[in-house]
Amino acid sequence: MEIKKGSHQFRNVHYKSDAEYVVKVARTLLTPIGIWPLYRSESLPDRIKMYCQISVIFCLMCFLLVPHLIYTYFDVEQLTKMMKVIAAQVFSTLAIIKFWTVIVNRQGIRYCLQEMERQYRDVECEEDRLVMIKSAKIGRLFTITYLSLSYGGALPYHIILPLVADRIVKEDNTTMLPLPYLSDYVFFAVETSPILEIFFVGQIFISSIILSTNCGVYSLIANCVMHACCLFEVVCRQINTIFEYEREDLRRRLYAIVDNHLQAIRYAEKIEETLNIVFLCEMVGCTIIICFLEFGVLVDWEDQQTLGMMTYAVLMTSIFVNVFIISFIGDRLKEKSERVGELTYSIEWYRLPSGIINDLAMIIIRSSRPSHLTAGKIFDVSLQGFCDVCKTSAAYLNFLRTMIA
């Protein structure tokens, strides 16, 4: 860091590396599938490349999901077997929804990422920068936790379980290895070598793309929301230090605090406006996924399938963690937004000039309407929503067990 001579203005010369630290995981996961909104020019060749990349990835996703749906709803004879694979279908559908949401809202997400870099560049002091880096580390921790659980459960599901599963008996009384996603490719049969092996590896590859889409968008959400939280924390720190300024500088300092507060509010509103559909899909879709994964755990427990039970348990844990973290950061954003008003009232405001006190009252009034995340404008994303997901999934599970029993 260096201080600008003459004006003593703080300059964060490492702002690019700070911003890169925040988005590195999301950029790594979303760039290969063509939906990373930054670092792409608007030239015609790049636009053509982007559209081709998006088209190929979407076709691959449909190539995996559609035959799987056809097999599940037209060829499966055992109801319990169909119930166990619905979770994978919902997960894949969520990935496709997120995929197109990021594409449709590319400009809004790009704005959030560019604002993040600008705010790291224009940070006022080292203390504010440390507050922002701390929130970035929390967002990175959330991302790594979810990635570890997701890949830790998905790899056994896609690779190990098919290898140890019962072989499929063909019409000529020979057996074949089941695919990770049992599918009905209407126009051709996948029964002979090497076609079977090609489709086996292909399904694992496409499911990895789907998993990367889910994890990449999740990482983007976690880091952007945590950055919004840190903006409110910076405002709180600045309010706490307002008495360190001379009387003639108080009004100028208050203007800077109000401006930073408005920036934090606008940033949080942009995130909510851009991603509220994703939040709705996550809360509703994860409720369904958890329900069917719980069902898979119970079925494999009864059948004494230890590996399958453990795989479903890890997947269920990863979805629980996903919903909890999204609910937690939604709750944290609201809490940090409200904290600005509470802290403004708690300082020794009676020591300030009357004009400054009136301006502080405006901050308190604005903070009484805190920033928050919503799921499709229907309900708030909060820890109460996480509890509702847990209770609803358990209710659906009881309904399934009653229906199948």
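The axis of a helix is a line fitted to its C-alpha atoms over the stretch in contact, and the angle between two axes runs from 0 to 180 degrees between their N-to-C directions. With this definition, the packing of several helices in this predicted model can be described.

**Helix α5 and its partner α8**

Helix α5 covers residues 126-164. Its 39 residues, at 1.5 Å a residue, should span 57 Å, and the end C-alpha atoms lie 55 Å apart, which agrees. The helix nevertheless bends, by about 35 degrees, at Tyr-157.

Helix α5 packs against helix α8 (residues 306-346) at an angle of about 160 degrees, and the two axes are 9 Å apart. Angles over 145 degrees count as roughly antiparallel, and therefore α5 is roughly antiparallel to α8. The crossing of α5 with α8 is left-handed. The contact of these helices has 18 nonpolar residues, nine polar residues and one charged residue.

**Helix α8 and helix α9**

Helix α8 also packs against helix α9 (residues 354-367), at an angle of about 150 degrees and with the axes 8 Å apart. This crossing, too, is left-handed. On the α8 side, the contact is made by Ser-337, Glu-338, Val-340, Gly-341, Thr-344 and Tyr-345. These residues meet Leu-360, Ile-363, Ile-364 and Ser-367 of α9. By class, the contact of α8 with α9 holds five nonpolar residues, four polar residues and one charged residue.

**Helix α1 and helix α6**

Helix α1 (residues 15-30) and helix α6 (residues 195-240) have axes that come within 8 Å and cross at roughly 155 degrees. That angle makes α1 roughly antiparallel to α6. The passage of α1 across α6 is a left-handed crossing.

Which residues of α1 meet α6? They are Val-22, Val-25, Ala-26, Leu-29 and Leu-30. Their partners in α6 are Ser-212, Thr-213, Cys-215, Gly-216, Val-217, Ser-219, Leu-220 and Asn-223. The contact of α1 with α6 comprises eight nonpolar, five polar and no charged residues.

An α-helix has 3.6 residues a turn, so residues three or four places apart point the same way.

**Contacts by residue class**

| Contact | Nonpolar | Polar | Charged |
|---|---|---|---|
| α1 with α6 | eight residues | five residues | no residues |
| α5 with α8 | 18 residues | nine residues | one residue |
| α8 with α9 | five residues | four residues | one residue |

Note on methods
Residues are numbered from 1 along each chain as its sequence is written. This is a predicted model: local features need pLDDT of at least 70, side-chain atom pairs count only at pLDDT 80 or more; totals for chains, interfaces and linings use all residues. Side-chain values use heavy atoms; hydrogens and water are left out. Helices (H or I, at least four residues) and strands (E, at least two) are DSSP runs, numbered from the N terminus. Angles under 35 degrees count as roughly parallel, over 145 as roughly antiparallel, 65 to 115 as roughly perpendicular and the rest as oblique. A crossing is left-handed if the near helix is turned anticlockwise from the far one by less than a right angle, and right-handed if clockwise. Contact means heavy atoms within 4.5 Å. Ala, Val, Leu, Ile, Met, Phe, Trp, Tyr, Cys and Pro count as nonpolar, Asp, Glu, Lys and Arg as charged, and the others, Gly among them, as polar. The expected span of a helix is 1.5 Å times one less than its number of residues. The bend at a residue is the angle between axes fitted to the seven residues ending there and the seven starting there.
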